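Open your viewer and get ready to select. We will take this one stop at a time.

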Amino acid sequence: MVQEAEAMDALGALLPEIKTAVPGEACARLIDTLAATECPALTMRRARRAERSGAQQDPIVWTAARGANVLDADANRYVDLSAGFGAASIGHGHPRVVHALRQQAGRLLHALGDLQPADVKVQLLQRLAQLAPFPDARVMLGLSGADAVEAALKTALLKTGKPGVIAFEGGYHGLHHGPLAACGYNAAFREPFAAQLNPHVRFVRYPDTHERGAQTLAAVEDAIFSMEVGVGAVLVEPVLGRGGVVVPPDGFLRELSALCRRRGVLLIADEIMTGLLRTGSLFSSVTEGAEPDLICLGKALGGGLPVSACLGKAEVMQAWGDPGNEALHTATFFGHPLGAVAALATLDVLQAENLGTRALSLGEHLRSRLTELRAEHTLITDVRGKGLLIGVEVASGALGLGLGRDLLARGFITVPAGADARVISLTPPLTITQRQLDAFADALGAALEACA
Ligand SMILES: Cc1ncc(COP(=O)(O)O)c(C=O)c1O
């Protein structure tokens with residue numbers, strides 16, 4: 001036990017140590033159990049990936065994580081370039097979050113949601129309202145990113161009375177029915193459920209150049225005029241994340257925001273991936289000159305626990321009116337005390353440790369290392385991103401998956417992005433060290449050599 005605790009304490013800024021095949025035997029046993037028990041919706045995907053990449057795609061199974069390090073069931077040590085889908089922005093198992101959770105667990109594990117809230121839920125609401133980039137903000141809490149987007153979409157409908165939504169090809173906002181209708185990432189996600197989804201969604205292209213930015217703005221304007229039901233909201237990611245890490249051209253978000261204002265359409269900024277310092281500032285859209293009416297936060301907010309929030313201008317949130325005796329939008333675990341203290345501790349850490357500046361400087365360093373690799377390897381077709389949200393695009397989806405696999409065997413955890421998986425997305429903890437990032441760039445170089 002003492003040895004295990006010491007090993008855990010040492011984790012965080014270490015380089016990988018791989019002692020077995022990846023996955024090793026203990027992981028493989030757990031994956032067999034997973035395959036025998038998990039809904040095929042999740043498990044079959046690995047078989048398809050294996051087919052496409054020509055390599056086995058069984059995952060490792062995590063047993064512990066601290067900072068930027070992860071241990072698997074075979075005691076192999078990895079560097080996590082995913083931060084668990086961007087959730088561990090302050091590093092896995094940050095001591096301040098763990099301490100807050102321990103204290104809270106001994107005090108109050110669960111309260112009565114919207115009927116009789118926990119004290120710490122009230123504190124979190126106040127903290128988030130203060131954080132919002134507009135005065136007098138109102139906040140709705142949730143557990144997942146999808147919850148926050150659902151809350152924003154409902155709010156926009158109540159405020160405008162218009163069910164139309166403009167969303168982006170490649171956009172990803174979670175898979176509850178509300179956000180799923182606006183999921184441009186992959187039509188195959190929507191199609192089986194189309195009969196139950198909002199039919200009034202128009203998808204426009206997410207722009208990556210000035211010229212395309214102008215075309216997209218024209219397409220948005222056209223949709224606003226041509227959708228007969230009326231358009232209540234434009235839902236946008238300030239940088240397209242899961243869709244392939246696409247950074248829009250300068251000025252696009254500002255102009256989109258101005259267009260929405262002119263036409264009386266609400267702008268919902270989905271900052272679930274980009275916000276809370278990953279791209280350098282609390283709200284990436286605001287830094288780019290947009291003035292969103294509603295902002296969705298999730299992922300990093302809970303420091304590893306499921307917490308999300310929809311922040312709205314008071315005049316917009318007022319649209320919920322007086323719902324009488326019943327809360328119109330609630331859930332048993334919204335504002336859960338453990339999530340609330342984890343989020344409060346996370347916000348403290350994000351501010352105290354100056355992680356925005358770190359995200360920008362480490363992001364620049366990593367991008368320059370990757371750009372050097374691009375000059376040497378034609379298999380890399382693009383390197384892009386903002387802060388520590390970076391995408392490495394390679395020549396094909398099969399290559400992207402193969403490289404991800406090779407990187408895992410070398411001790412680096414990455415996540416594929418883009419509908420055809422040709423982008424290796426990098427969203428490491430903002431606390432990751434430059435040494436760990438350099439080791440990753442070296443490993444990617446070696447993996448590319450191996451496939452040349
Ligand atoms: C931009 C964005 N919005 C929303 C979501 C959905 O969040 P969740 O998976 O917590 O529902 C994600 C998840 O990847 C995301 O990247």
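The tour starts with the whole chain and then visits single helices and residues.

**The whole chain**

This is a predicted model. Show everything as a cartoon first. The chain has 17 helices and 15 strands. Now switch to C-alpha atoms. They fill a box of roughly 60 × 55 × 45 Å along the principal axes. How does the radius of gyration compare with that of a compact globule? For 452 residues, a compact globule would come near 22 Å. The chain has 22 Å, so the two agree.

Turn on the surface. About 19,400 Å² is accessible, and carbon and sulfur atoms supply 54% of that area. Of the 452 residues, 54% count as buried. Next, think about contacts with a separation of 6 or more. Residues 24 or more positions apart make 73% of them.

Colour by charge. You should find 40 positive and 47 negative side chains. The centres of the two sets lie 1 Å apart.

**Stop 1: Val22 and Pro23**

Select Val22 and Pro23. A cis peptide bond joins them, with omega about -5°. Pro23 sits in the loop between helix H1 (2–10) and H2.

**Stop 2: Ala36**

Move on to helix H2, residues 25–37, and pick Ala36 within it. Is Ala36 buried or exposed? Its relative accessible area is 67%. The cut-off for exposed is over 50%, so Ala36 is exposed. Now draw a distance from Ala36 to Val165. They are 129 residues apart along the chain, and their C-alpha atoms are separated by 40 Å.

**Stop 3: Ala83**

Select Ala83 in helix H4, residues 83–86. Its phi is near 50°, a positive value in a residue other than glycine. Check its surface too. Ala83 has a relative accessible area of 0%, so it is buried.

**Stop 4: Val245**

Go to the loop between strand S7 (231–236) and helix H11 (252–263), and find Val245 there. Val245 is not a glycine, yet its phi is positive, about 50°. With a relative accessible area of 0%, Val245 is buried.

**Stop 5: helix H14**

Select residues 337–352, which form helix H14. The helix has 16 residues. From first C-alpha to last it reaches 22 Å, close to the 22 Å expected at 1.5 Å a residue. How many of the residues of H14 are buried? The count is 13 of the 16, so H14 is largely enclosed by the rest of the structure. Step past the end of the helix to Asn354. This residue follows H14 and has a positive phi, near 55°.

**Stop 6: Gly400**

Find helix H16, residues 397–409, and pick Gly400 in it. Its relative accessibility is 4%, so Gly400 counts as buried. What does Gly400 touch, leaving out residues up to four places away in sequence? Select Val394, Ala421 and Ile424 to see its partners. Then draw a distance from Gly400 to Arg410. These residues are 10 apart along the chain, and 15 Å separates their C-alpha atoms.

**Stop 7: helix H17**

Finish with helix H17, residues 434–451. Its 18 residues should span 26 Å at 1.5 Å a residue. The end C-alpha atoms are 26 Å apart, so the helix agrees with that. Now look for its buried residues. Among them are Leu437, Phe440, Leu444 and Leu448. Gln436 and Asp438 are also buried. So is Gly445.

Technical notes. Residues are numbered from 1 along each chain as its sequence is written. This is a predicted model: local features need pLDDT of at least 70, side-chain atom pairs count only at pLDDT 80 or more; totals for chains, interfaces and linings use all residues. Side-chain values use heavy atoms; hydrogens and water are left out. Helices (H or I, at least four residues) and strands (E, at least two) are DSSP runs, numbered from the N terminus. The radius of gyration is taken over C-alpha atoms; the globule rule is 2.2 Å times the number of residues to the power 0.38. Buried means under 20% relative accessible area, exposed over 50%, partly exposed in between (1.4 Å probe, protein chains only). Contact means heavy atoms within 4.5 Å. Accessible areas come from the Shrake-Rupley method with a 1.4 Å probe; for residues, only the protein chains shown count as cover. Lys and Arg count as positive and Asp and Glu as negative; His and the chain ends are not counted. The place of a charge is taken as NZ of Lys, CZ of Arg, CG of Asp or CD of Glu. The expected span of a helix is 1.5 Å times one less than its number of residues.
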